[in-house]
Amino acid sequence: QVQLVESGGGLVQPGGSLRLSCAASGRIARINAMGWYRQAPGEQRELVAIITTTGTTNYVDSVKGRFTISRDNAKNTVALQMNSLKPEDTAVYYCNAILVRVGGGAYAAYWGQGTQVTVSS
């Protein structure tokens, strides 16, 4: 079985910081890209940040300069450092990984369960 386990969500005041972490575990042969998505109430899920195996990153415009995505290929983990948080960042954040399981097969997307981030005074 493959699982993505997230941690680090919570309540923070505007201007504060949070660090989200996600660990992939199970019979994994290889992980390609990893990323973070978020979904606010009444909104569609959107891509926040992605990172490739070589460290290339991309961010949605609204978080550029405030969020930083990173990964540890040896540990199969990805993190999202969120600084200068705004109320508009309030959402459920989901970890995503594109990976192949042991035994071969096609790459497929796997998701974490989601972690709530609330930015409020």
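Me: I'm looking at strand β11 in this model; which residue there is the bridge partner of V92?
Reply: In this predicted model, the bridge partner of V92 in β11 is Q116. That bridge belongs with the pairing of β9 and β11, which run in the antiparallel sense over 3 bridges.

Me: And how does β2 pair with β11, parallel or antiparallel?
Reply: Strand β2, which covers residues 10-12, pairs with β11 in the parallel sense, over 3 bridges. Within β11, the residue that stands opposite G10 is V117.

Me: Which side chains along β11 are buried?
Reply: The side chains alternate along the strand, so to speak in two sets: T115, V117 and V119 point to one face and are buried, while Q116 and T118 point to the other face and are not buried.

Me: OK, new topic: which residues touch the most other members of the largest nonpolar core?
Reply: That core has 29 residues, and W36, L80, M82 and Y93 are the ones that touch the most other members. Several strands supply at least two residues each, among them β3 (18-25), β4 (28-39), β8 (77-82) and β11 (115-119). The strand that gives the most is β9, with 5 residues.

Me: What is M82 in contact with, if I skip its close neighbours in sequence?
Reply: Leaving aside residues within four places in sequence, M82 is in contact with G16, S17, L18, L20, R66, F67, Y93 and V117.

Me: How many disulfides does the structure hold?
Reply: The structure holds 1 disulfide, and it is formed by C22 and C95, whose sulfur atoms are 2.1 Å apart. The link of C22 and C95 is left-handed, with -80 degrees about the S-S bond.

Me: Which strands do those two cysteines lie in?
Reply: C22 lies in strand β3 and C95 in strand β9, so the pair ties together parts that are 73 residues apart in sequence. As for their surroundings, both C22 and C95 are buried.

Me: What about N96, is that one buried or exposed?
Reply: N96, whose place is in strand β9, is buried, because its relative accessible area is 6% and the cut-off for buried is under 20%. The side chain of N96 reaches the backbone oxygen of Y110 at 3.4 Å. Not counting residues up to four places away in sequence, N96 touches L4, A33, M34, G35, Y37, A109, Y110 and W111.

Me: And where does N73 lie?
Reply: N73 lies in the loop between β7 and β8, and it is partly exposed, with a relative accessible area of 42%. A polar atom of the N73 side chain lies 3.2 Å from the backbone oxygen of T53. If you compare N73 with N58, the two are 15 residues apart in sequence and 18 Å apart in space, C-alpha to C-alpha.

Me: How do β7 and β8 themselves pair?
Reply: They pair in the antiparallel sense over 6 bridges, and R71 stands opposite V78 in β8. Both strands belong to an open sheet of 4 strands, in the order β1-β3-β8-β7, where the pairing is antiparallel.

Me: Which strands stand at the edges of that sheet?
Reply: The edges are β1 (3-7) and β7, and each has a single partner strand, so one side of each is left without a neighbour in the sheet. On average, neighbouring strands of this sheet are turned by 15 degrees against each other, direction ignored.

Methods
Residues are numbered from 1 along each chain as its sequence is written. This is a predicted model: local features need pLDDT of at least 70, side-chain atom pairs count only at pLDDT 80 or more; totals for chains, interfaces and linings use all residues. Side-chain values use heavy atoms; hydrogens and water are left out. A nonpolar core is a set of buried Ala, Val, Leu, Ile, Met, Phe, Trp, Tyr and Cys residues joined through side-chain atoms within 4.5 Å. Buried means under 20% relative accessible area, exposed over 50%, partly exposed in between (1.4 Å probe, protein chains only). Contact means heavy atoms within 4.5 Å. A disulfide is a pair of cysteine sulfur atoms within 2.5 Å. A polar contact is a pair of N or O atoms within 3.5 Å; within protein, one must be able to donate a hydrogen and the other to accept it, and residues adjacent in sequence count only if both atoms are side-chain atoms. Two strands pair if DSSP finds at least two bridges between them. Axes are lines fitted to C-alpha atoms, for helices over the stretch in contact, and angles run from 0 to 180 degrees between N-to-C directions.
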